[in-house]
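Here are my notes on the model you sent over. Have it open while you read, and shout if anything looks off on your side.

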Amino acid sequence: MNHPPALGIFGGTFDPVHWGHLRPVREAGEKLALTQIYLLPNREPVHKPDASANTKQRIQMLQLVCQHDPLFTIDMREVNRQQKSYSLLTLQELATTYPGQRIYFFIGMDSLNSLSEWYCYEQLFDYCHFVVTRRPGFEFDPVTTQPFLSRIIENPQCAPQQEAGNILIFDTNQLDISSTDIRQRVKSGAEIKSLLPAAVAEYIHQQKLYQ
Ligand SMILES: Nc1ncnc2c1ncn2[C@@H]1O[C@H](COP(=O)(O)OP(=O)(O)OP(=O)(O)O)[C@@H](O)[C@H]1O
Ligand SMILES: O=C(O)c1ccc[n+]([C@@H]2O[C@H](COP(=O)([O-])O)[C@@H](O)[C@H]2O)c1
């Protein structure tokens, strides 16, 4: 896949970040030959109740990930913006910051299924390709995705010709991990070690998060 520099962006609440975020995204990113993926913590989730860890803690957990894995870097623009983390604003800013660079926006299958509820979702396709990773418990929904079915490429073998506007669904390994489950496990004293990077598990313990 020989294409001009491309940018990977992976947005989330990351409360906390876990292997279900990182491994499928790395896998799909490698297929697209991406050398840099920006983790984009949101300030205020658009479609969710408030996060449990505070923003500083969510960022510190992402920093631990980046210290151990050079593929990932944090992009702070959403936490620094004094408003809701609408992806359209973020993509418009990114297009200005990185002119001419193709943008791949990573999401899980659950996010794809609700993409039609995102703020001005049709405009998002002017700025990026979506890269979708599969997730246990979330089958592709042909009803909610109907408005953009024609944009979908399943199991892409190469990067799309167009600069933006496609949805690439990769058959990445599926990991049955969620931040909700991790928070509940911590609360009930259950083990979390295998679900997220060791440094993040240690941080959760030290900060007494989710208890
Ligand atoms: N296990 C997983 N496999 C694939 N994608 C995932 C997985 N977990 C999260 N994602 C994707 O990562 C992005 C950010 O997710 P988020 O930070 O909300 O994590 P979450 O585990 O879904 O959190 P919560 O349980 O608090 O809702 C979303 O696009 C989501 O679809
Ligand atoms: O722009 C929107 O309306 C919008 C609605 C829901 C989710 N998003 C983005 O989708 C990404 C995953 O969101 P979440 O809530 O699953 O952590 C993150 O970057 C959010 O900012 C964006």
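The points below go from the overall fold to the ligand shell, the core and a few backbone oddities.

1. Overall picture. Keep in mind that this is a predicted model. The secondary structure comes to eight helices and seven strands. The C-alpha trace spans about 50 × 35 × 30 Å along its principal axes. Is the radius of gyration what a compact globule would have, or not? The protein has 17 Å, and a compact globule of 211 residues would be near 17 Å, so the two agree.

2. Burial and contacts. Of the 211 residues, 37% count as buried. If you take contacts between residues at least 6 apart in sequence, 78% of them join residues at least 24 apart.

3. Ligand 1. How many residues surround ligand 1? There are 18, and the closest are Gly12, Gly20, Gly108, Ser179 and Thr180. By class, the shell has 10 polar, five nonpolar and three charged residues. Four elements each supply at least two shell residues: α1 (19-31), β4 (102-108), α5 (109-113) and α7 (179-188). The biggest contribution is from α1, which gives three residues.

4. Helix α1. Since α1 gives the most to the ligand 1 shell, I gave this helix a closer look. There are 13 residues in α1, and the distance from its first C-alpha to its last is 18 Å, close to the 18 Å expected at 1.5 Å a residue. Which of its residues are buried? They are Gly20, His21, Leu22, Pro24, Val25, Ala28 and Gly29. Gly20 is also one of the closest residues to ligand 1. The buried residues of α1 pack against five strands and a helix by name: β1 (6-12), β2 (37-41), β4, β5 (129-133) and β7 (167-170), together with α2 (55-68).

5. The core. Nonpolar side chains tend to be buried together in soluble globular proteins. Here, the largest nonpolar core has 47 residues. Those with the most contacts inside this core are Tyr104, Phe105, Phe106, Phe130, Val131 and Val132. Its largest share, five residues, comes from β4. So β4 is worth colouring on your screen, as this strand also supplies at least two residues of the shell around ligand 1.

6. Phe130 as a way in. What does Phe130 touch, leaving aside neighbours within four places in sequence? Its contacts are Phe105, Ile107, Leu112, Ile167 and Leu168. Phe105 is itself listed with Phe130 among the core residues with the most contacts.

7. A cis peptide. Most peptide bonds are trans, and most residues other than glycine have a negative phi. The bond joining Asp15 and Pro16 is cis, with omega about 5°. Pro16 is found in the loop between β1 and α1.

8. Two positive phi values. Ala33 has a positive phi of about 60° although it is not a glycine, and this residue lies in the loop between α1 and β2. Buried or exposed, then? Ala33 counts as exposed because it has 11 C-beta neighbours inside 10 Å. Lys208 is another non-glycine residue with a positive phi, near 55°. The place of Lys208 is in the segment after α8 (198-207). Lys208 counts as exposed too, with 8 C-beta neighbours inside 10 Å.

Notes
Residues are numbered from 1 along each chain as its sequence is written. Chains are lettered from A and ligands numbered from 1 in the order in which they are written. This is a predicted model: local features need pLDDT of at least 70, side-chain atom pairs count only at pLDDT 80 or more; totals for chains, interfaces and linings use all residues. A residue is near a molecule or strand if its C-beta atom, placed from the backbone, lies within 6 Å of it. Ala, Val, Leu, Ile, Met, Phe, Trp, Tyr, Cys and Pro count as nonpolar, Asp, Glu, Lys and Arg as charged, and the others, Gly among them, as polar. The radius of gyration is taken over C-alpha atoms; the globule rule is 2.2 Å times the number of residues to the power 0.38. A residue is buried if 20 or more other C-beta atoms lie within 10 Å of its own, exposed if 12 or fewer, and partly exposed in between; C-beta atoms are placed from the backbone. Two residues are in contact if their C-beta atoms, placed from the backbone, lie within 7 Å. The expected span of a helix is 1.5 Å times one less than its number of residues. A nonpolar core is a set of buried Ala, Val, Leu, Ile, Met, Phe, Trp, Tyr and Cys residues joined through C-beta atoms within 7 Å.
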